[in-house]
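Please find below some notes on the model, set out as numbered points. They go from one helix to its surroundings and then to the chain as a whole.

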Amino acid sequence: MTTTLDSKQSSWKGSLLLLLVLNLLLCKNVAASPACAGGAANCRLSLQDLFTRAVALSDNIYKVAEDTFRGFQKTYATGQEFISRAINSCHTSAIPTPADKDQALNTKSGTLLNTVRGLLRSWEDPLQHLTTTVRDMKEFPVDMIRRVQEIEYKTHQLREGVEKIIKQVEPGVVNDDIFAAWSGLSSLQKGDKNSRLVGFYNLFHCLRRDTNKVDNYLKILKCKVVHEGSC
């Protein structure tokens with residue numbers, strides 16, 4: 001009788017130990033699992049995760065915009081006469097932006113975030129028209145069309161990410177009045193091919209410039225906000 005009781009107690013203790021080990025392993029796996037696994041609707045990413053994703057996305061967008069501009073320039077804008085017809089001003093030039101890294105570091109995080117949001121908002125309309133126009137033009141290579149579509153899609157994603165960052169950095173503050181309207185659609189639809197290409201050149205040039213700004217500002221913001229200025 002005693003032997004049977006001891007055997008049952010030993011079995012019960014073994015089961016309890018196994019249960020504790022399984023619970024520890026489960027907790028470890030949950031802690032190690034990536035934030036918002038499965039895309040839960042009520043998931044809230046940490047500020048560091050949001051910045052990490054935003055910086056990776058902005059860096060990719062800038063590289064694609066750079067490749068697109070270089071490819072267009074090499075294919076269509078080889079002559080000095082063509083470049084001289086290009087307009088140096090971009091539609092976002094009216095948006096005040098830091099002149100260099102030091103000025104960006106000394107700009108308040110909320111102000112710099114709103115500048116980034118304003119630049120992204122100001123490119124929604126031109127990117128939408130650019131994607132539609134290049135898709136309908138036979139002379140544009142397929143890989144260039146794909147790049148433009150990729151930039152439009154990822155820029156929309158980036159803006160959503162920036163909005164989430166703003167909600168954590170400045171909760172309850174609504175300041176989305178920074179915006180620059182684009183009026184260059186007619187330049188992409190001109191009957192003269194060379195005039196039309198000049199319009200595309202200007203737009204690709206400005207897109208490369210502004211995606212570079214956004215990328216640099218987000219990297220500086222990550223340094224200021226996440227790493228507390230330890231750049």
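1. Which helices are included in what covers the buried residues of α6? The model is a predicted one, and in it the cover over the buried residues of α6 includes α5 (109-122), α7 (142-169) and α8 (193-225). The residues of α6 that count as buried are Pro 126, Leu 127, Leu 130, Thr 131, Thr 133 and Val 134.

2. The length of α6 can be checked against its residue count. Helix α6 runs over residues 124-135, and its twelve residues, at 1.5 Å a residue, should span 16 Å, while the C-alpha atoms at its ends lie 17 Å apart, so the expectation and the model agree.

3. Within helix α6 sits Pro 126, whose relative accessible area of 0% is why this residue is classed as buried. Once residues up to four places away in sequence are set aside, Pro 126 touches His 91, Trp 182 and Leu 203. A further long-range relation of Pro 126 is with Leu 207, which is 81 residues away along the chain, with a C-alpha separation of 9.6 Å.

4. The pair formed by α7 and α8 deserves its own point. Their axes come within 13 Å and cross at roughly 30°, and because an angle under 35 degrees counts as roughly parallel, α7 is described as roughly parallel to α8. The crossing of these two helices is left-handed. On the side of α7 the contact is made by Val 148, Ile 151, Leu 158, Val 162 and Val 169, and on the side of α8 by Phe 204, Leu 207, Val 214, Leu 218 and Val 225. Sorted by class, this contact of α7 with α8 comprises ten nonpolar residues, with no polar and no charged ones.

5. Thr 155 belongs to helix α7, and because its relative accessibility is 6%, Thr 155 counts as buried. When neighbours within four places in sequence are left aside, the residues in contact with Thr 155 are Ile 61, Leu 120 and Leu 127; Leu 127 is also one of the buried residues of α6.

6. How do α2 and α8 lie against each other, and at what angle do their axes cross? The axes of helix α2 (residues 47-76) and α8 come within 8 Å and cross at roughly 155°; because angles over 145 degrees count as roughly antiparallel, α2 is taken as roughly antiparallel to α8. Here too a left-handed crossing is found, with α2 passing α8. By class, the contact of α2 with α8 has 19 nonpolar, seven polar and seven charged residues.

7. Arg 208 is a charged residue placed in helix α8, and I would ask the reader to look at its surroundings with care. Is Arg 208 buried or exposed? At 17% relative accessibility Arg 208 counts as buried, since the cut-off for that class is under 20%. Apart from neighbours within four places in sequence, Arg 208 is in contact with Tyr 62, Ala 65, Glu 66, Phe 69 and Arg 70. From Arg 208 to Arg 70 the C-alpha distance is 9.6 Å, although 138 residues separate the two in sequence.

8. As for the chain as a whole, it holds eight helices and zero strands, and of its 231 residues 39% count as buried. Among the contacts in the chain with a separation of 6 or more, 83% are accounted for by residues 24 or more positions apart.

Definitions and conventions: Residues numbered from 1 in each chain as written. Predicted model: local features only at pLDDT ≥ 70, side-chain atom pairs only at ≥ 80, totals over all residues. Heavy atoms only, no water. Helix = DSSP H or I, 4+ residues; strand = E, 2+ residues; numbered from the N terminus. Expected span 1.5 Å × (residues − 1). Buried < 20%, exposed > 50% of the residue type's maximum accessible area, 1.4 Å probe, protein only. Contact = heavy atoms within 4.5 Å. Axes fitted to C-alpha atoms, helices over the stretch in contact; angles between N-to-C directions. Parallel < 35°, antiparallel > 145°, perpendicular 65-115°, else oblique. Left-handed = near helix turned anticlockwise from the far one by under 90°.
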